[in-house]
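Student: I should like to go through this protein model step by step. Please begin with the terms that are needed to read it.

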Amino acid sequence: MSDAVVIGAGPNGLVAANLLADQGWSVEVLEAQPTPGGGVRSDRAVHPDFVNDVFSSFYPLSAASPVIDGLRLEEDGLRWSHAPQVLANPLSDGRCAVLDRDVDVTAEGLAEFAAGDGRSWRAQYATWDRVGTDLVRALFTTMPPVRALAGLGLKLRGGGALRLARAMLLPVRRLGEEEFSGEGARLLLAGNALHADLGPESALGGGFGWLMSMLGQQYGFPVPVGGANALTDALVSRLRRRGGVIRCGEQVTEIVVERGRAVGVRTAAGDAVRARRAVLADVSAPALYGRLVSPEHLPSQVLDDMRRFQWDFATFKVDWALDSTIPWKAGAAAGAGTVHLTDSVDDLTRFAAQIAMGLVPDRPFLLVGQMTTADPTRSPAGTESAWAYTHLPREIRGDAGDAGLTGSWDATEREIMADRMEERVEEYAPGFRARVLNRRVLAPPTLQSADANLSEGALNGGTTALHQQAVFRPIPGTGRPETPVRGLYLASASAHPGGGVHGAPGANAARAALGIRGSFGDVLALLQRSLTRGSGAAAVGNR
């Protein structure tokens with residue numbers, strides 16, 4: 001019997017397992033898929049000479065994460081690589097907004113869109129330089145992040161903290177209008193907000209777009225040398241060196257609860273795997289509450305709240321092997337690892353509105369990855385391993401285009417949507433389609449079948465919208481990883497602080513299982529138990 005069973009060998013599950021093993025716990029990780037990694041995997045399935053990342057590719061949150069940094073994964077072979085530029089947003093008229101790791105280069109380029117925007121970008125980065133470390137700690141720490149918030153308060157006196165909070169809560173359209181005059185900087189912010197499911201008019205979009213932009217400015221958007229698997233391999237290697245066990249092809253179908261405590265799991269093969277001290281679940285909140293944990297073990301309020309749980313957008317992705325680099329009309333896009341394809345914030349509003357109405361967008365906003373540009377090991381010299389993804393409604397009511405897509409995502413619909421995306425790239429890079437050696441199409445059901453946490457291709461474990469963040473994530477409560485079942489912890493992106501490969505949900509769950517708290521945390525645990533006894537609404541701490 002192990003001290004802990006971890007369900008899921010995605011990045012959060014592997015981080016949690018590593019931190020428990022660091023404290024001398026015996027840990028067994030059970031993964032349903034044939035290989036570990038969750039959303040951090042790569043392969044050669046598109047073309048034998050090309051490495052393509054299947055899901056995530058760029059890792060600014062990993063670079064900034066104190067959790068990942070503390071694991072010292074370079075000792076297990078992880079190396080990072082950067083494209084010459086971080087991010088580009090070419091326009092159809094040949095202009096291009098570029099985010100470079102040199103703030104002066106970024107600022108000079110944005111000043112070409114509007115006088116004064118370079119100065120404004122430097123001012124934004126100066127704010128980040130002052131508060132970024134504390135802000136990241138606040139975001140990645142178990143709720144409530146008292147120390148990090150106190151540090152922010154000391155650095156932002158005289159109303160500065162309130163002004164920063166206001167800016168973070170703004171829709172990204174409004175933030176861009178307040179701070180910049182030209183389209184270039186506004187597009188960098190708004191495009192980065194749509195890495196999540198935050199359109200230009202969504203509250204918190206300004207904060208998310210600003211955060212991603214500033215992370216890119218400071219850390220870049222790095223990639224693991226050799227493919228996303230290199231990050232997973234390092235986490236696996238580190239865990240195994242500490243005695244951890246990973247069993248793949250083991251789908252957990254039930255968390256066993258006895259007298260209100262999680263004591264182990266049962267697999268699809270019928271095996272019972274016991275846990276002496278804790279079960280940590282790197283699974284989505286909907287999978288945990290009412291499926292893996294039988295409803296009889298959960299307060300009725302939790303089940304009622306889960307009816308209101310909101311997923312983030314669905315995703316459609318295409319991977320390519322290209323016989324040469326992408327022929328951008330705007331040459332400045334050639335050196336960027338990540339490229340956003342949209343002409344204006346208005347276009348993004350239209351795109352987000354179509355998704356809100358349940359329509360497949362006719363002119364989808366694309367996020368494009370130029371992986372060989374970022375890491376030359378990905379494909380032969382002169383070629384490009386590339387991908388693009390776009391967002392879709394989870395429930396499709398119609399097609400804003402003229403192809404009549406229904407969301408069945410059969411073979412015909414998959415090819416039509418992939419062609420629509422390629423045609424969008426072609427608008428900005430004439431001749432692109434002639435360079436395609438092979439492609440792989442990953443529709444929402446395909447993504448989900450490869451990683452159950454990616455429900456319909458949802459990348460963030462639930463919406464990033466304000467109403468499902470912090471103490472509202474995944475349901476109203478405390479925003480902590482404890483669950484109503486003693487000894488059971490939610491360790492996935494459905495938990496605070498949400499999606500991205502930063503390891504914080506796994507780390508927070510591990511710390512809770514280990515009983516690592518401050519004095520405020522002890523008070524909070526008592527409050528959790530009181531609320532649970534009184535109304536069944538809140539999660540309780542481990543005892």
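Tutor: Two strands pair if DSSP finds at least two bridges between them. Helices (H or I, at least four residues) and strands (E, at least two) are DSSP runs, numbered from the N terminus. This is a predicted model, in which local features need pLDDT of at least 70 and side-chain atom pairs count only at pLDDT 80 or more, while totals for chains, interfaces and linings use all residues. Residues are numbered from 1 along each chain as its sequence is written, and side-chain values use heavy atoms, with hydrogens and water left out.

Student: What is the order of the open sheet of seven strands?

Tutor: The pairing in this sheet is mixed. Its edge strands, β7 (96-99) and β19 (436-442), each pair on one side only. Read across, the order is β7-β6-β14-β16-β17-β13-β19.

Student: Which residue in β14 does L87 stand opposite?

Tutor: Strand β6 (residues 85-90) runs parallel to strand β14 (residues 336-341), and three bridges join them. Opposite L87 in β14 stands T338.

Student: Is α5 roughly parallel or roughly perpendicular to α10?

Tutor: The axes (lines fitted to C-alpha atoms, for helices over the stretch in contact, with angles from 0 to 180 degrees between N-to-C directions) of α5 (residues 117-140) and α10 (residues 205-219) come within 10 Å and cross at roughly 100 degrees. Angles under 35 degrees count as roughly parallel, over 145 as roughly antiparallel, 65 to 115 as roughly perpendicular and the rest as oblique. Therefore α5 is, relative to α10, roughly perpendicular.
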